[in-house]
Amino acid sequence: MEKLQSRHLIDTGDSEDMYFVRLGTIQRHPRVIPADVRDSLLKYFKHKMFFAFGWDVFVGYLGSTSKPELFVTNNQVEYFLSEVQRRGGVKIDGIDDASKVDPKMIRGLKHIVKTTDVVQFHDKTSKEGLKYDSSPRVLWTQEQRARKKEIEAAKKAEKRESARERALEMERLVKQSIEDRKMVFIAVDIEVYELNHNCVTEIGVAILDLRKGNAKDAKPVGRHLRVKEYMHLKNGKFVDDASEKFEFGKSEILTLKECANEVKAIFEENGDRAIFVGHDGANDVRYLRQIGADLPEDLLMADTLTLWKVTHGEDGPSTLGRLLIEYDISPWNLHNAGNDAYYTVQVLMAMYGKNAGQE
């Protein structure tokens, strides 16, 4: 195979015809090559052969950006593309004007490597704190793309089936628990400050102890914990603020640590009888662990969103509010953590033909 001959340029002096091009733009040039000839030319753009051609690579900052980028000069680009055309026997378009960078637009320009080896290139650029993808997806052949799509589709199908199996197991757990009346459903909802999600402002808890009566007659016991440190933070711009509108009891004001300890104690008291209930509850579990309410790794979970999808499909209502309407439950002051936790238990029971404290 004929080896492409390199043409290096170090001189970056003023010239009306001179311009720079991002290195990544050159390697992704196959995007503008017609599909009927693209695959036959891809080998010249793939990392080993591409870098074997030989490049003088510069680093600099374009305009006011703070992220350094890699550049090469126009004479290298023009010569490389002409060689690709000659070797491939087809005509390809050059670099478009929008991709040409005036040297005056690049700050802190410096030459970092003259290389014909991709390993050497990565070694030099990594020392500059740069990461460069030398095998971009655009260099895949149509056959590779089709195969990749098949693999991704198979993985998605496998993931969906796995999720369905977990959801069906969750459903069996809920039904069996309602029938046996030996478990305790503990719903938890977290509210955070809309402008800083690291600030947990409310924790809602609703406990439905099936040992104290059948699901039809039992009422959840609701609690609303407000975090003392963040009581001055109010939502309202993106999420309704209902922090002072707990409908099922009296709000409690505790420190963040006390809130975490309270939730942790509730689950510890109920041990392996506890089933965590949430609506898209993985987020709530994550927030609880974030504030120090470490829950067991093998915690049993019943997620109303997951259960809805497994019984009704992916389409349809997904928010707690819409599910409440679906089951003819009239909610008051959603986005109060205590209310949301209480309503989540009601939705769970409504899904399986039961009524948990609905007035």
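Here are some notes on the cores and salt bridges in this model.

1. Keep in mind that this is a predicted model: local features need pLDDT of at least 70, side-chain atom pairs count only at pLDDT 80 or more, and totals for chains, interfaces and linings use all residues. Residues are numbered from 1 along each chain as its sequence is written, and side-chain values use heavy atoms, with hydrogens and water left out.

2. Start with leucine 23, which sits in helix H1 (residues 23–27); helices here are DSSP runs of H or I, at least four residues, and strands are E runs of at least two, numbered from the N terminus. Leucine 23 counts as buried because its relative accessible area is 0% (buried is under 20%, exposed over 50%, partly exposed in between, with a 1.4 Å probe and protein chains only). Beyond four places in sequence, its contacts (heavy atoms within 4.5 Å) include Phe50, Leu70 and Tyr132.

3. The largest nonpolar core (buried Ala, Val, Leu, Ile, Met, Phe, Trp, Tyr and Cys joined through side-chain atoms within 4.5 Å) holds 31 residues, and Ile26, Trp55, Leu70 and Phe80 have the most contacts inside it. Helix H4 (74–88) is among the elements giving two or more residues to this core. H4 gives the most, with five residues.

4. On to charges: there are eleven salt bridges, each a side-chain nitrogen of Lys or Arg within 4 Å of a carboxyl oxygen of Asp or Glu. Arginine 86 pairs with glutamate 83 at 3.1 Å, N to O. Glutamate 83 is buried, at 9%, while arginine 86 is partly exposed, at 45%.

5. Finally, Arg223, Glu252 and Glu262 are linked in a salt-bridge network.
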